[in-house]
Amino acid sequence: MMSMPRLTTLAAALAFSSLACAQGQPPLKVGLMLPYTGTYAALGNMIENGFKLYVHEQGGKLAGREIQYFKVDDESDPSKATDNVNKLIKRDNVDVLVGTVHSGVALAMAKAARESNTLLIVPNAGADAITGAMCAPNIFRTSFSNWQPGYAMGVVAAQKGHKRAMTITWNYAAGNETVKGFTEGFEKGGGKVIKDLTLPFPNVEFQALLTEIAAQKPDAVYAFFAGGGAVKFVKDYDAAGLRKTIPLYGPGFLTDGTLEAQGTSAQGLLTTLHYADNLETPRNESFRKNFALNYKANADVYAVQGYDAAQLLGAGLTAVKGDFKQRDQMLYAMGKTVIGSPRGKFAMSAAHNPVQDIYLREAKGVNNEYRSVAVKQLADPAKGCKMSQ
Amino acid sequence: MDLATFLVQCLNAVQYGLLLFLVASGLTLIFGIMGVINLAHGSFYMVGAYLAFAIAPLFGQNFLLMLVVGVLLAAAFGYALEWAFYSYLYQREHLQQVLMTYALILVFEELRSLLVGNDVHGVAAPQWLAGSIELGALMSYPVYRLFASAACIVVALALYYVVNRTRLGMMIRAGASNRDMVRGLGIDIRRLYRIVFAAGVALAALAGMIAAPMSSVYPGMGNHVLIICFVVVVIGGIGSITGALIASLLVGAVDTFGKVFFAELSGIGVYVLMAIILVWRPEGLMKRSY
């Protein structure tokens, strides 16, 4: 006969296991490593809100799993990136890493994710290497590669009949990668880039280079700057009288979130990106409405990228019914899923970068309005990626 | 490069140099004459730019009046700041000065973030300066840039006059070389320093206000300017207004032509210049003559 204590233990164990069954598994730990201070703070908040909006829409759970958030402010500082990412990986033992905006920080995160084999979803940073030389089965990106908008703009500029173009950007990874993309697209279309102008990041004294552009008289100029630099460049370009004679093109970052400050100088500028402010699809409109209701702010491309990071994670978890331990199946499902993004549907490339439509947009008022699809279903070439799927 | 392009590039160089001078002159006053390493100088530049953004709508086309009001506000701000913080720094080591002025950078950035937010803003130039003039067939040059250069020249002349030709300037120079002796002669040195500091802040803020319509107003703008200002001050000779002017023009030229001819290396051009000049003249171009 079973003694009383043994019986109670058994009963308790039974009770506990049934309880655990009812509740499902413990919460999934999601580590958000985003900039919450500094120049990119607004972008970090948008990404977090986008991510949480999708989880909220699913009733606060992904595939039946509660989500527990851990947050680290990466300050957009690459020198602190390894320490910061290890706080999430080693101290908090997160299951999934989500981050970040700054490419230098994201590269450090990708390195740490490869070493610790932690699942990483990059919701913004465009450095080509993340889904190029650094690619891995556990690293995904829901935004873009720097190459993508550049290439699309090169194609558009060539279609417009431009033959000789000049490029101008800050001499750092993002600038050089987007210029490479432009050159590839433009020269494939029969154009020729006659000169690449660069200046050190974050120098904003453009006058000398504008004079150089005026002297060379190209048919078109492709420029990549962001934030304050983008505002100043577009205004200076206009003030130098160049807008009237030489069309200016750029990736979306040249006019995203800066149109108010750029004023009339930016009106009518054509840029390429994977999102536009007025995509009139039901998916986008319901997303924007929901976002506005929840956060009392207008969604932007960063919110979309955060939202899609949550969708991607949700798709993987759903495929394994929330069982995070079936990792290989989950990663496989994430790579094969098609995301119904507010930007339009996109699939993942073999290197885990979105294969997406790149839109041509025109600056009107404070919006970058959709004009046409510059390149349909554009896939990053993933140079240097040695992952076979 | 043909002659027309070359001349426009020279204009660019002078124009950039003059704007640098405007910011750096305030730094050389504070650093050279009062002996305080003021890392927060870039923040004063930023304060000026944000001030222009904030008060420009109140003044409409009355741009010059706005500059005057802005300068007065900045000077009052500098006066109060000296009283509250900087007056305790004169007898301290450089490390403590660096610590406190660095802390001020963080405070100003955070205040800016709380008050105005992290967005990038533009300031419109007034109508009467908004046009541009044609420079041959090459390109047009914004009138506002020429106005900015003219304003910088006016400030440079005024500064030179005040420091070298007036009684106040004499007291400032005397205070820089021997603080105790000046006090012994019955001059209120504390008040004098307070005025110099207020003037330094006002100069940086004026530079920020003048630069605002040309560039834009954005977080962290002060830090970009700070480093190049220290380069100017060190090349020119610490405390020398004339030296700062020459150094600014040199830096403007090296930066402008460096970008055109040696794009890949343009980031280091001004630092190479600084290294060469310091080897040749360890105290800078114009050693303080008083």
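Good morning. I begin with the largest nonpolar core, which has 217 residues; those with the most contacts inside it are A:Leu97, A:Met109 and B:Ala49. Helix H8 of chain B, residues 189-211, provides the largest share of this core, namely 16 residues. Domain 1 and domain 2 of chain A each contribute at least three residues to this core. As general background, nonpolar side chains tend to be buried together in soluble globular proteins.

I should state at once that this is a predicted model. Its scores are an ipTM of 0.80 and a pTM of 0.84.

To stay with the core for a moment, consider one of its residues. Which residues does A:Met109 touch, leaving aside those up to four places away in sequence? They are A:Met33, A:Ala81, A:Val85, A:Leu97, A:Gly99, A:Thr100 and A:Leu120. A:Leu97, which appears in that list, is also among the residues with the most contacts inside the core.

Let me turn to confidence, chain by chain. Chain A has a mean pLDDT of 90, with 93% of its residues at 70 or more. Residues 1-5 of chain A have a pLDDT below 50, and this stretch makes one contact in the model beyond near neighbours in sequence. Residues 10-22 of chain A also have a pLDDT below 50, and for this stretch the number of contacts beyond near neighbours is zero. For chain B, the average pLDDT is 88, and 98% of the residues score at least 70. Within chain B, strand E1, residues 132-135, has the lowest confidence, at a mean of 82, while helix H3, residues 63-84, has the highest, at 94.

Next, the division of chain A. The domain assignment places residues 28-144 together with 279-348 in domain 1, and residues 147-273 in domain 2. The C-alpha centres of these two domains of chain A are 30 Å apart. How many residues of each domain are in contact with the other? Eight residues of domain 1 of chain A meet 10 residues of domain 2 of chain A. On the domain 1 side, the touching residues comprise three nonpolar, three polar and two charged.

The contact between the chains follows. Here 29 residues of chain B are in contact with 30 residues of chain A. On the side of chain B that touches chain A, at least two residues come from each of helix H1 (3-34), strand E2 (139-142), helix H9 (221-236) and helix H10 (241-261) of chain B. H1(B) gives the most, with five residues. Sorted by class, this side of chain B has 12 nonpolar, 15 polar and two charged residues.

I now come to the sheet in chain A. Six strands make up an open sheet of mixed pairing, in the order E2-E3-E1-E4-E5-E6. Why do strands E2 and E6 of chain A each have one side without a neighbour in the sheet? Strand E2, residues 61-62, and strand E6, residues 139-141, stand at the edges of the sheet in chain A, and each has a single partner strand, so one side of each is left without a neighbour.

Two of the pairings deserve detail. Strand E1 of chain A, residues 28-34, pairs with strand E3 of chain A, residues 65-73, in the parallel sense over seven bridges. A:Gly31 has A:Phe70 in E3(A) as its bridge partner, and A:Leu32 stands opposite A:Lys71 in E3(A). E2(A) and E3(A), by contrast, run antiparallel and are joined by two bridges. A:Leu62 is the bridge partner of A:Arg65 in E3(A). The hairpin of E2(A) and E3(A) has two residues between the strands, and in it A:Ala63 takes a positive phi near 50 degrees.

Two local features remain. The first is helix H7 of chain A, residues 207-216, which is mostly covered, with eight of its 10 residues buried. Those buried residues include A:Gln207 and A:Glu212, along with A:Leu209, A:Leu210 and A:Ile213. After H7(A) comes A:Lys217, with a positive phi near 45 degrees.

The second is B:Val116, located in the loop between helix H4 (94-115) and E1 of chain B. B:Val116 is partly exposed, because 14 other C-beta atoms lie within 10 Å. The C-alpha atoms of B:Val116 and B:Pro219 are separated by 9.7 Å, although the two residues are 103 residues apart along the chain.

Thank you for your attention.

Definitions and conventions. Residues numbered from 1 in each chain as written. Chains lettered and ligands numbered in written order. Predicted model: local features only at pLDDT ≥ 70, side-chain atom pairs only at ≥ 80, totals over all residues. Domains from an automatic or database assignment. Contact = placed C-beta atoms within 7 Å. Nonpolar A, V, L, I, M, F, W, Y, C, P; charged D, E, K, R; others polar. Helix = DSSP H or I, 4+ residues; strand = E, 2+ residues; numbered from the N terminus. pLDDT = per-residue confidence, 0-100. Core = buried A, V, L, I, M, F, W, Y, C linked by C-beta atoms within 7 Å. Buried ≥ 20, exposed ≤ 12 C-beta atoms within 10 Å, placed from the backbone. Pairing = 2+ DSSP bridges.
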